[in-house]
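Thanks, everyone. I'll keep this short and go straight to the fold. Please have the model open while I talk.

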Amino acid sequence: MIKYETIRIKLRKYYIKATYKIRKKKINCDNFTIISNNCWGGFVYQSYGLKYLTPTIGCFFIADDYIRFISDIKKYLNHNELRFIEPTKSKWYQDIKNISKFGEYPIGVIDDIEIHFLHYTSSEMAKEKWEERKKRINYDKIIYKFSEMNLCSEKNILDFQKLNLKNKICFISNKYAKLKNDFTFVVNKKNGFIRASEEPVGKSKIIINNVINNLNK
């Protein structure tokens, strides 16, 4: 299944690269920041040929940490210290030690949250890109994206719903009775969690009509 997921993501990258110019004509805003719990933001920027205006590129957060991060995002982003730890020191070690690539990528820590820099090979590069890209954030136009993965619970989704933040979007595997439907989109009804390749990006009307093209309103 991991191999299948890798193939799907690679095919998505090829498709995005070949079609982004057509897709870019459909959006009316190009200076937005995406704060995502995984690599989704990078795919969206690539889908429209846009510059990364976020540090959350090539990394992922465990669900609890992500909710904590966006609950007080300026505190974490303005924190002076991004330090790195050995994989065995991760507070989530027992839960994720068997996932693909664990132990091969840097794990950063800011205060009480961890950032798993999945697509980086060194802590130096991870820190450089994090510091560089967080300076580009447009705080007036932030899209907060969450999805049902990385130890996500129903409580995490409900907590995300309660956050007093604009422009939230959440991809879930099932409809939950307590959830409002104005920001949640069911994209998987089989696994009880979302794979990265299942999250809609550039060609999706969800992203264009419900999120990006509403930022200037």
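I'll go through the sheets, then the cores, then the salt bridges. One caution before that: this is a predicted model.

Start with the parallel sheet. Four strands make it up, in the order E1-E5-E6-E7. The sheet is open, and the pairing is parallel. Which strands sit at the edges? They are E1, residues 33-36, and E7, residues 184-186. Each of these pairs on one side only. On average, neighbouring strands here are turned by 20° against each other, ignoring direction.

Look at one pair in detail. E1 runs parallel to E5, residues 142-147, and four bridges connect them. For a landmark, find Ser 36: opposite this residue, in E5, stands Lys 145.

Now the helices on that sheet. H2 packs against it and touches E1, E5 and E6, the last being residues 168-172. The direction of H2 makes about 150° with that of E1. H7, residues 154-162, packs on the sheet as well. Its contacts are with E5 and E6, and its direction makes about 160° with that of E6.

Stay with H2 for a moment. This helix spans residues 40-48. How many of its nine residues are buried? Eight are, so H2 is mostly covered. Among the buried ones are Trp 40, Phe 43, Val 44, Tyr 45 and Tyr 48. Both glycines, Gly 41 and Gly 42, are buried too, and so is Ser 47. Right after the helix comes Gly 49. Its phi is positive, near 65°.

Next, the other sheet. Here we have three strands, ordered E2-E3-E4. This sheet is also described as open, but the pairing is antiparallel. E2, residues 83-85, and E4, residues 113-116, are the edge strands. Each has a single partner strand, so one side of each has no neighbour in the sheet. From one strand to the next, the twist averages 40°. E2 and E3 run antiparallel and are joined by three bridges; E3 covers residues 107-110. The landmark here is Phe 84, which stands opposite Gly 108 in E3.

On to the inside. The largest nonpolar core has 33 residues. Which members touch the most others? Tyr 66, Phe 69, Trp 130, Phe 146 and Phe 160. Several elements feed this core with at least two residues each. They are H3, H4, E4, H6, E5, H7 and E6. H3 gives the largest share, five residues.

Take Phe 69 as an example. Leaving aside residues up to four places away in sequence, Phe 69 touches Ile 35, Thr 56, Phe 61, Tyr 76, Leu 77, Ile 113 and Trp 130. There is also a second core, separate from the one above, with 23 residues. Its members include Cys 29, Tyr 48, Ile 57 and Phe 185. You have met Tyr 48 already, as one of the buried residues of H2.

Last topic: charges. The whole structure holds eight salt bridges. Let me pick out a few.

Glu 132 takes part in two that I want to show. One is with Lys 129, where the closest N and O atoms are 4.0 Å apart. Why can these two reach each other? They are three residues apart in H6, which puts about one helical turn between them. The other is with Arg 136, at 2.6 Å from N to O. How covered are these side chains? Glu 132 is partly exposed, at 29% relative accessible area. Lys 129 is partly exposed at 22%, and Arg 136 is partly exposed at 23%.

Then move to H7. Asp 159 and Lys 155 meet in a salt bridge of 2.7 Å, N to O. These two are four residues apart in the helix, so about one helical turn separates them. Is Lys 155 buried or exposed? Lys 155 is exposed, with a relative accessible area of 55%.

One more to find on your screens. Asp 65, Arg 68, Lys 91 and Asp 112 are linked in a salt-bridge network.

That's the tour. Questions, please.

Notes. Residues numbered from 1 in each chain as written. Predicted model: local features only at pLDDT ≥ 70, side-chain atom pairs only at ≥ 80, totals over all residues. Heavy atoms only, no water. Buried < 20%, exposed > 50% of the residue type's maximum accessible area, 1.4 Å probe, protein only. Pairing = 2+ DSSP bridges. Axes fitted to C-alpha atoms, helices over the stretch in contact; angles between N-to-C directions. Contact = heavy atoms within 4.5 Å. Core = buried A, V, L, I, M, F, W, Y, C linked by side-chain atoms within 4.5 Å. Salt bridge = Lys/Arg side-chain N within 4 Å of Asp/Glu carboxyl O.
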